[in-house]
Amino acid sequence: MGYLAGGLAAATLDAKQRPAPARSRPISHSAYLLSQRIGVSSWSFHNNFPETRDNDYSGPEETFALLDFPHMVADRYRVHHLEFVAPHFASTERAYLDELRSQLVRARSYLVNLPIDIEEMWTEGGLSDPNESVRGTAVEAAKKWIDIAVHLRARSVRCDPGKMDAQNPAPTIDSYRKLVTYASRKGLRVIVENHGGVGSDHPEDLVKVFKGVNSSFLGALPDFGNFPDAETRARGLSLLFPYAPTVCHAKGLEFDAQGNETKYNFPRCVEIAKRLRFRGVYSVEFEGPGDPYLGVQNVINELLKSA
């Protein structure tokens, strides 16, 4: 029988010093099966990486090394599916990437997705810019990270479309065709998130891109939290999950004293994913206030309760 992890995070932010959580309440068979499909994104700890620390962050100044991430997540949460966000890489040199891959192997963990959050994706219009030269720069920059993802044996990369014009998706479709052509030869999928204004207010705009490219190597990354209201969330997830091949984001925003998400209906999101037969990884992305270690645990607990 599986067990639901519990326990508060320790005070120190040193991943190597943090003990694994105590195992407590028994869980159902369905929750155990879902637990094998839970992942954790390094973005959940973005304030522990100087490159992505919030400007108004006032917590501890300790930094986090991505090389330690696979073992910390495996030891503390018994989770072995991971997302590494591009800005959290200390280097893109081969020696560093080799060591990162070794750390994944030693932790018996897997990189399910690599979000390519780099400057070129949001310079001018990024992948959606009407200027072919601007789009080309973004595409070539993304290809470097596709190669990195392949080296780390990831299943997908996330590429944001930039400033997409819903009335003229042709530039966006052109960029994704080029990325998919490159990535598919390496067995890698390209996925697009309802991120910021793109696909969040009007998720049908992303579906137009998927249909325009018409490739099984392009798909969606549905994010539970990135919608303006409950109606758009239900509609958006229903539109995006049929196109989601590898991962979704189980977003943690704010929890009550009992550990329940308060900003949106978390169980309803899992219900939609199950109804549409999503078979990928639920990657935990905690963005709320307070201790991220506890925040990640709360999201994991929400997933298991919703199984």
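What follows is a chat between a trainee and a mentor about the predicted model shown above.

Trainee: Before we start, what should I know about the numbering and the kind of model this is?

Mentor: Residues are numbered from 1 along each chain as its sequence is written, and side-chain values use heavy atoms, with hydrogens and water left out. This is a predicted model, in which local features need pLDDT of at least 70 and side-chain atom pairs count only at pLDDT 80 or more, while totals for chains, interfaces and linings use all residues.

Trainee: OK, the sheet then. In what order do the strands come, and is the pairing parallel or antiparallel?

Mentor: Eight strands form an open sheet in the order 8-7-6-5-4-3-10-9, and the pairing is parallel. Strands here are DSSP runs of E with at least two residues, helices are runs of H or I with at least four, and both are numbered from the N terminus; two strands pair if DSSP finds at least two bridges between them.

Trainee: Which strands are at the edges?

Mentor: Strand 8 (218-221) and strand 9 (247-252) are the edge strands, each pairing on one side only. Neighbouring strands of the sheet are turned by 30° against each other on average, with direction ignored.

Trainee: How many bridges join strand 6 to strand 7?

Mentor: Three bridges join these two parallel strands, and Val157 stands opposite Val190 in strand 7. Strand 5 (residues 110-115) and strand 6 (residues 156-158) also pair in the parallel sense over three bridges, with Ser156 in strand 6 as the bridge partner of Asn113. Strand 7 and strand 8 pair over four bridges, again in the parallel sense, and there Val190 stands opposite Leu218 in strand 8.

Trainee: And how does the chain cross from strand 7 to strand 8?

Mentor: The chain crosses through helix 6, and this β-α-β crossover is right-handed. Right-handed means that, with the strands pointing away from the viewer, the path from the first strand over the helix to the second runs clockwise. Strand 6, helix 5 and strand 7 likewise make a right-handed β-α-β unit.

Trainee: Where does helix 6 lie?

Mentor: Helix 6 (residues 204-213) lies across strand 7 (189-193) and strand 8, running at about 160° to strand 8. For such angles the axes are lines fitted to C-alpha atoms, for helices over the stretch in contact, and the angles run from 0 to 180 degrees between N-to-C directions. Helix 9 (residues 292-305) packs on the sheet as well, touching strand 3 (38-41), strand 9 and strand 10 (281-286), and its direction makes about 145° with that of strand 10.

Trainee: Which residues of helix 6 are buried?

Mentor: They are Asp205, Leu206, Val207, Val209, Phe210 and Val213, where buried means under 20% relative accessible area, exposed over 50% and partly exposed in between (1.4 Å probe, protein chains only). These buried residues pack against helix 5, strand 7, strand 8 and helix 7 (230-240), a contact being heavy atoms within 4.5 Å. Just after helix 6, Asn214 takes a positive phi of about 55°.

Trainee: Why is strand 7 described as largely enclosed?

Mentor: Four of the five residues of strand 7 are buried, so the strand is largely enclosed by the rest of the structure.

Trainee: Switching to the core, which members touch the most others?

Mentor: In the largest nonpolar core, with 82 residues, they are Phe69, Phe84, Phe89, Leu114, Cys159, Tyr176 and Phe224. Its largest share, eight residues, comes from helix 4 (residues 132-151). A nonpolar core is a set of buried Ala, Val, Leu, Ile, Met, Phe, Trp, Tyr and Cys residues joined through side-chain atoms within 4.5 Å.

Trainee: What does Cys159 touch?

Mentor: Not counting residues up to four places away in sequence, Cys159 touches Ile116, Met121, Leu127, Ala142, Tyr176, Leu179, Val190, Ile191 and Val192.

Trainee: Last topic: how many salt bridges are there?

Mentor: The count comes to 19 salt bridges, each a side-chain nitrogen of Lys or Arg within 4 Å of a carboxyl oxygen of Asp or Glu. Asp117, Arg158, Asp160 and Glu193 are linked in a network of them.

Trainee: Which residue forms a salt bridge with Glu302, and is Glu302 buried or exposed?

Mentor: Glu302 forms a salt bridge with Lys305, the closest N and O atoms being 3.7 Å apart, and both lie in helix 9, three residues apart, about one turn of the helix. Glu302 is buried, with a relative accessible area of 4%, whereas Lys305 counts as partly exposed at 46% relative accessibility.
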